[in-house]
Amino acid sequence: MSQARFRSRTAGLIAVSAIAGSLVCWTLMTRVGQGQPSTPAADAQAIEQAKGLSRAFRSAAKQVLPTVVEVRTVVKPPSDDDESTPENPFRGTPLEDFFGDRVPPNFRFYGMPNVPRPGLGSGVIIDPSGIVLTNNHVVKDADEVTIRLGDGREFTATDIRTDERTDLAVLRIKANESLPAARLGNSEQLEIGDWVLAVGSPFELEQTVSAGIISGKGRNLGSVQRATFLQTDAAINPGNSGGPLVNLDGEIVGINTAIFSRTGGNQGIGFAIPVDLAKWITPQLIQHGEVARAYLGVSIEAVGPEWAERLNVPLGAGVVVTTIGEGTPAEKAGLELDDVIISYDGRKVQTAPDLQGLVERSPADSRHELQIIRDGKPRTLDVVVKTMTKDFETTMERARGRSGTSQFYADRQLGITVIELTRAFAERLGYRGLSGVLIQNVEPGRIGNKAGLRAGMLITHVGERPVGSVAEFAEAMKQESLRGGIKLEVHSDRGKQTITLQRS
């Protein structure tokens, strides 16, 4: 056995042993702190309890370790005669503005070595025929993918299929014999506090096992569009991505995907994709190479304290419709902004992921019942869901630009922020029948504040131009100048008035 492989296996054993030892110490100290005598019998009982957990860790690790693989990738550099436009390597730095979103064709950043870029991740065999489950970001854009098994054998991965929306990927390796495959568990049954093991190859330490608990469920990460995550304090580090999260029965309950860290290393906050989602995604990738999802065509938010007060509905009653895409199933079904969706086919909805998960797994062109609250009264709507298109996110972004309450316009110089006027705001603030944008915030001491603008006012005209949306307001403001003065027609509880914005 090589020294590197010896060290990697030793690291896994140390991680499990350290936890078992800590439990013994904790149990003994707890007894002393509670005034219980530390008798030989009590000490033996505490030690036996810790050994029992250690045996559970050992059993789970033995079951899953043969199925965990190391995923090595290579991204080849562009050739010297490649005339395509490279990505801007300064993205996210102060130098980005010099180049915009792209850099000039044939531009080469000297000093950056033009050599293949290696990558490292983990994966788990889920079928004896050689199907490996991992993360999309582990294999994305890779020109070569090599799979290394726990026994040292290496294979070139073929037929790589990915789903960017959930950051999952499946690939095949061709072996001459049946391979050990992991058992898939049930992530829905997990509870906060349940013990789990994270297995993978962090920092190139193969077959490393770390233990922790489920710290949270239903977490959202902005980089992954169609998944919510399990949170764990089991150590997850660079190289763990794509490896399994395992329960004490040795079953896969998640795929380790991301960490929250200010240092780049483990800080006790890791995230894994629930295996129940993977069980729905992987068969579609294997059979069709892509994932078919159904959609409604709405943007939604949970009913928090502000929405509950504005719409006069109970806190946590459901999800509020904040955007409706044109021509979508939601629009055709008659959904309106500020409707509160409380159930889908009788299944209760409390968060955006609740509804998202129910809808996207529905068969395309199938009819479903929505229970909603509109203007304080319950209603029932029938909706026929459709297959989500590849440009769905772009379409919804355009819809939010037209009508979404999440859209706003902020002018730092004027010190004002305006948002869309929804039906709920109009009813609550007395602006029924009017069209305009609502002032959400006014910063003290800024031009808007000095001119007399206040939060809650409705701006209906900029100069002579009527404005009915945030987009129209932003466009109208581009045509005006503070030097000559910008006249705004505003409404408030004092009635209609004209306010002029001008630099002092």
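The legends below describe an overall view and several close-ups of a predicted model.

**Figure 1. Overall view of the protein chain.**
The secondary structure of the chain consists of 12 helices and 29 strands. The chain has 504 residues, and 44% of them count as buried. Among contacts with a separation of 6 or more, 60% link residues 24 or more positions apart. The exposed area is about 25800 Å², and carbon and sulfur atoms supply 50% of that area.

**Figure 2. Close-up of T166 in the loop between β6 and β7.**
The loop that holds T166 connects β6 (158–163) with β7 (168–172). T166 counts as buried because its relative accessibility is 0%, and the cut-off for buried is under 20%. The side chains of T166 and D163 make a polar contact at 2.5 Å. Leaving aside residues up to four places away in sequence, T166 touches V224, R226, A227, I273, L277, I281 and R293.

**Figure 3. Close-up of K174 in the loop between β7 and β8.**
K174 is found after β7, in the loop that leads to β8 (183–184). With a relative accessibility of 69%, K174 counts as exposed; the cut-off for exposed is over 50%. When residues up to four places away in sequence are not counted, K174 touches F155 and T158. The C-alpha atoms of K174 and I131 are 9.0 Å apart, while the two residues are 43 residues apart in sequence.

**Figure 4. Close-up of strand β18 and the strands that pair with it.**
β18 covers residues 340–344 and is mostly covered, with 4 of its 5 residues buried. Strand β17 (residues 319–324) pairs with β18 in the antiparallel sense over 2 bridges, and V320 stands opposite V340 of β18. Strand β20 (residues 367–374) also pairs with β18 in the antiparallel sense, over 4 bridges. Here S343 has Q371 in β20 as its bridge partner. In a regular strand, side chains alternate between the two faces of the sheet.

**Figure 5. Close-up of the hairpin formed by β18 and β19.**
Strand β19 (residues 347–348) runs antiparallel to β18 and is joined to β18 by 2 bridges. Y344 has R347 in β19 as its bridge partner. The hairpin has 2 residues between its strands, and D345 in the turn has a positive phi of about 55°.

**Figure 6. Close-up of the aromatic pairs.**
The structure holds 2 aromatic pairs. In one of them, F57 and W195 are arranged edge-to-face, 5.3 Å centre to centre and with 75° between the planes. F57 belongs to helix α2 (residues 40–64) and W195 to strand β9 (residues 195–200), so this pair ties together parts that are 138 residues apart in sequence. F57 is buried at a relative accessible area of 1%, whereas W195 counts as partly exposed at 28% relative accessibility. F229 and F271 also form an edge-to-face pair, with 6.5 Å centre to centre and 80° between the planes. Because F229 lies in strand β11 (residues 229–232) and F271 in strand β14 (residues 270–274), the pair ties together parts that are 42 residues apart in sequence. F229 is buried, with a relative accessible area of 0%, and F271 counts as buried at 9% relative accessibility.

**Figure 7. Close-up of R310 and W307.**
R310 lies over the face of W307, and the distance from the ring centre is 5.4 Å.

Conventions
Residues numbered from 1 in each chain as written. Predicted model: local features only at pLDDT ≥ 70, side-chain atom pairs only at ≥ 80, totals over all residues. Heavy atoms only, no water. Buried < 20%, exposed > 50% of the residue type's maximum accessible area, 1.4 Å probe, protein only. Contact = heavy atoms within 4.5 Å. Areas by Shrake-Rupley, 256 points an atom, 1.4 Å probe, with all protein chains shown as cover. Polar contact = N/O pair within 3.5 Å; in protein donor to acceptor, adjacent residues only side chain to side chain. Pairing = 2+ DSSP bridges. Phe/Tyr/Trp six-rings, centres within 6.5 Å; stacked < 30°, edge-to-face > 60°. Lys NZ or Arg CZ within 6 Å of the ring centre and 35° of its normal.
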